[in-house]
Amino acid sequence: MIVATSNSSSAPLRLVEVPSLPCGAGDVRVRVRAIGVNPVDWKMREGGPLGTAQRIIGPRGPLVVGIDFAGEVVEVGAGVTELAVGARVVGGTDFSRGQRGSYADEVVVRPDQCARLPEGVSFDDAACLPVAGVTAWRALTDVGGINTRRDARVLVLGASGGVGLFAVQLARAMGGAVVGVCSGRNAALVARLGAAVIDYTAGDALAEARAAGPYELIINAVSSETYPAKDCRPMLTPTGMLDLVVVSPVDYPSLVFNRQTRTILGRPTRQHLEPLVAALAKGGLETPIETRLPLAEAEAAHGRSRAGKVVGKLILHP
Ligand SMILES: NC(=O)c1ccc[n+]([C@@H]2O[C@H](COP(=O)([O-])OP(=O)(O)OC[C@H]3O[C@@H](n4cnc5c(N)ncnc54)[C@H](OP(=O)(O)O)[C@@H]3O)[C@@H](O)[C@H]2O)c1
């Protein structure tokens, strides 16, 4: 199999051929057709908590990053009944199960990490969903409970990124009134997807957001350095929640001691992917793709993602 890997965190990713992993009992092998790029992919290369965990409990051999994939099942292990060869799927790899990442021409995963794709949904659109879509979905449902009430007010900080664009659309689909903070260059896109826009380059975004609140849910998909939790929480209703998509050490006390502050891990599972695929199939979810690149240009994709200006998603093709 072909994977994108590098010898060190600073060496560029390049394609190498490595032996395929076995497709054991309970596994499926998927021929990867499209890979969604997430900031966690380059963060893992740089170490940090996830990178360290990956090195300790992940598979031996070259470090292969990447979580999101879409493709076709080409082999099923003993005992697999949910998926058959030929099934079109979207999913996410999981190093805690000893799996290699998705920057490869094939992955070996478990069926509960994959959702089936109907014929009408392209691999590229599907590959946008796993980490970013599941993170937005869980923020709105598990943290905010926005799916259980009508007319909830939701503030999305970082509305034009991978997580933010899904959060805006899903919150609107759940009947929420959404305020999205993005820069002026992305205002038209975020507004078209259903949010009232605040341009953070044109003034004090949090002061404007305060005037448009209070909120049942604030999703901070940028950072607490940029939008401090202590400035966000006063904008919440008494039962409102602040969801920190990005957690830095400064957030640890809030996450432990403040009941209105939470974070979640956008780990792709079939359960969380299925409603997203259904929304995509019905035309109820747009997947703005900024650029498609061959897997051989994964390093360039990481450079773009690191710069923090990606609108929607970057897609790699093995
Ligand atoms: N907890 C989890 O499981 C989880 C899951 C997914 C992602 N994350 C983390 O969440 C963060 C966002 O992920 P992502 O995939 O959405 O990233 P992304 O797509 O790379 O986000 C880039 C977007 O952020 C916007 N942005 C930058 N500075 C901003 C600011 N000050 N105010 C508002 N928007 C700003 C940019 O818009 P402009 O160019 O207009 O500034 C750009 O559109 C990353 O740090 C990622 O690692 C965590």
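This report describes the ligand site of the structure above, then a few local features of the chain. The model is predicted.

**Ligand shell**

The ligand is surrounded by 27 residues. Lys43, Ser183, Arg185, Tyr200 and Tyr227 are the closest of them. By class, the shell residues divide into 13 nonpolar, 11 polar and 3 charged.

Both domains take part. Domain 1 (2-129 + 268-317) gives at least three residues to the shell, and domain 2 (132-262) likewise gives at least three. Helices contribute as well. Helix 1 (39-45), helix 4 (130-143) and helix 5 (162-173) each supply at least two shell residues.

**Polar contacts to the ligand**

Three side chains place a polar atom by an oxygen atom of the ligand: those of Ser183, Arg185 and Asn186. The distances are set out below.

| Residue | Ligand atom | Distance |
|---|---|---|
| Ser183 | oxygen | 2.3 Å |
| Arg185 | oxygen | 2.5 Å |
| Asn186 | oxygen | 2.9 Å |

How much of the ligand does the protein cover? On its own, the ligand has 930 Å² of accessible area, and the protein covers 87% of that area.

Two residues of the table also appear among the closest shell residues: Ser183 and Arg185.

**Rings and charge**

Aromatic pairs number 0 in this structure. A ring does meet a charge, though: the charged end of Arg88 sits over the ring of Phe123. That end lies 4.4 Å from the ring centre.

**Backbone features in loops**

Where does the chain hold a cis peptide bond? The bond from Gly213 to Pro214 is cis, and its omega is near 0°. Pro214 belongs to the loop that links helix 7 (205-211) and strand 11 (215-220).

Asp151 has a positive phi, near 60°. This residue is not a glycine. Asp151 sits in the loop between helix 4 and strand 8 (153-157). Helix 4 (130-143) also supplies at least two residues to the ligand shell.

**In brief**

The shell around the ligand draws on domain 1 and domain 2, and the protein covers 87% of the ligand's accessible area. Away from that topic, the loops hold the cis bond at Pro214 and the positive phi of Asp151.

Key
Residues numbered from 1 in each chain as written. Predicted model: local features only at pLDDT ≥ 70, side-chain atom pairs only at ≥ 80, totals over all residues. Heavy atoms only, no water. Phe/Tyr/Trp six-rings, centres within 6.5 Å; stacked < 30°, edge-to-face > 60°. Lys NZ or Arg CZ within 6 Å of the ring centre and 35° of its normal. Near = heavy atom within 4 Å. Polar contact = N/O pair within 3.5 Å; in protein donor to acceptor, adjacent residues only side chain to side chain. Areas by Shrake-Rupley, 256 points an atom, 1.4 Å probe, with all protein chains shown as cover. Helix = DSSP H or I, 4+ residues; strand = E, 2+ residues; numbered from the N terminus. Nonpolar A, V, L, I, M, F, W, Y, C, P; charged D, E, K, R; others polar. Domains from an automatic or database assignment.
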